[in-house]
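User: I have a structure open and want the reasoning behind its labels. Take me through the terms one by one.

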Amino acid sequence: PINKTNYTSIVGGITQYYYDNAGALVNSNNTQAPMPWSNYITTIVRKADGTSTEYPQQTPTLPGYIGGEAIFIPHISVPFFNGHAKTIDFSALKTDGEKGFMLGYIYGGIHSDAAQSSTSNSTQASNRIYKVYIKK
């Protein structure tokens, strides 16, 4: 709220943009392949003047191609902005040692064995729970 900026982080799932083996960002709309699964986190930053910028995080990657249809469960201590249950107040977060602040958990969703699904690269429902931390 101090800078009137909103951050939306997307964890994995299906993506239009991905990094190829050489580390170059590729738009899957420009290829013949279907949109791939992602093992990256990307953050979209929206400012009060209406501008926005996307920041894909190439490293570290997620522990697999996860995130599609997963749910985020906030930790009980997470402060929300003006009582809005879906907007975390970043300015009110307190760090918790080396790991940062625990935001909550990601549960379930779809897990893919590879970026492109096929008969040899299957997808399945996930029953994993991941802890989510943020560093200020």
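User: What makes β4 stand out in the lining of the second largest pocket?
Analyst: β4 gives the largest share of that lining, four residues. This is a predicted model, so read every value as computed from it. β1, β2 (17–19) and β5 (52–57) also give two or more residues each, as β4 does.

User: How many residues line the second largest pocket, and which lie nearest its centre?
Analyst: The lining has 15 residues. T15, Q16, Y17, T42 and E54 lie nearest the centre. The space in this pocket is about 260 Å³.

User: What classes make up the lining of the second largest pocket?
Analyst: Nine residues are nonpolar, five polar and one charged. Tyr counts as nonpolar and Glu as charged.

User: How much space lies in the largest pocket, and what lines it?
Analyst: About 1800 Å³ of space lies there. The lining has 46 residues, and Y7, T8, S9, L103 and I134 lie nearest the centre. By class, 26 are nonpolar, 13 polar and seven charged.

User: Which element gives the largest share of the lining of the largest pocket?
Analyst: β1, with eight residues. Among the other elements that supply at least two residues are β4 (37–47), β6 (65–68) and β7 (71–74). β8 and β11 do so as well.

User: Why is the set with L62 and I66 called a nonpolar core?
Analyst: The term needs buried residues of listed nonpolar types, joined through side-chain atoms within 4.5 Å. The largest such core has nine residues: L62, I66, V78, L93, F101, L103, I106, Y130 and V132. Leu, Ile, Val, Phe and Tyr are on the list of types, so the set fits the term. β8 (101–107) and β11 (129–134) each give two or more residues to this core. β8 gives the largest share, three residues.

User: What is the general tendency for nonpolar side chains?
Analyst: In soluble globular proteins, they tend to be buried together.

User: Why is K4 called exposed?
Analyst: Exposed means over 50% relative accessible area. K4 has 58%, so K4 is exposed. K4 lies in the segment before β1. Its phi is positive, about 50°, although K4 is not a glycine.

User: How do you know that E69 is exposed?
Analyst: Its relative accessible area is 69%. The cut-off is over 50%, so E69 counts as exposed. E69 lies in the loop between β6 and β7. E69 is not a glycine, yet has a positive phi of about 70°.

Note on methods:
Residues numbered from 1 in each chain as written. Predicted model: local features only at pLDDT ≥ 70, side-chain atom pairs only at ≥ 80, totals over all residues. Heavy atoms only, no water. Buried < 20%, exposed > 50% of the residue type's maximum accessible area, 1.4 Å probe, protein only. 1 Å grid on protein atoms, 1.4 Å probe; cavity = no way out; pocket = protein on both sides within 12 Å on 5 of 7 lines; lining within 4 Å. Points joined across faces, edges and corners; volume = space filled by probe spheres on them.
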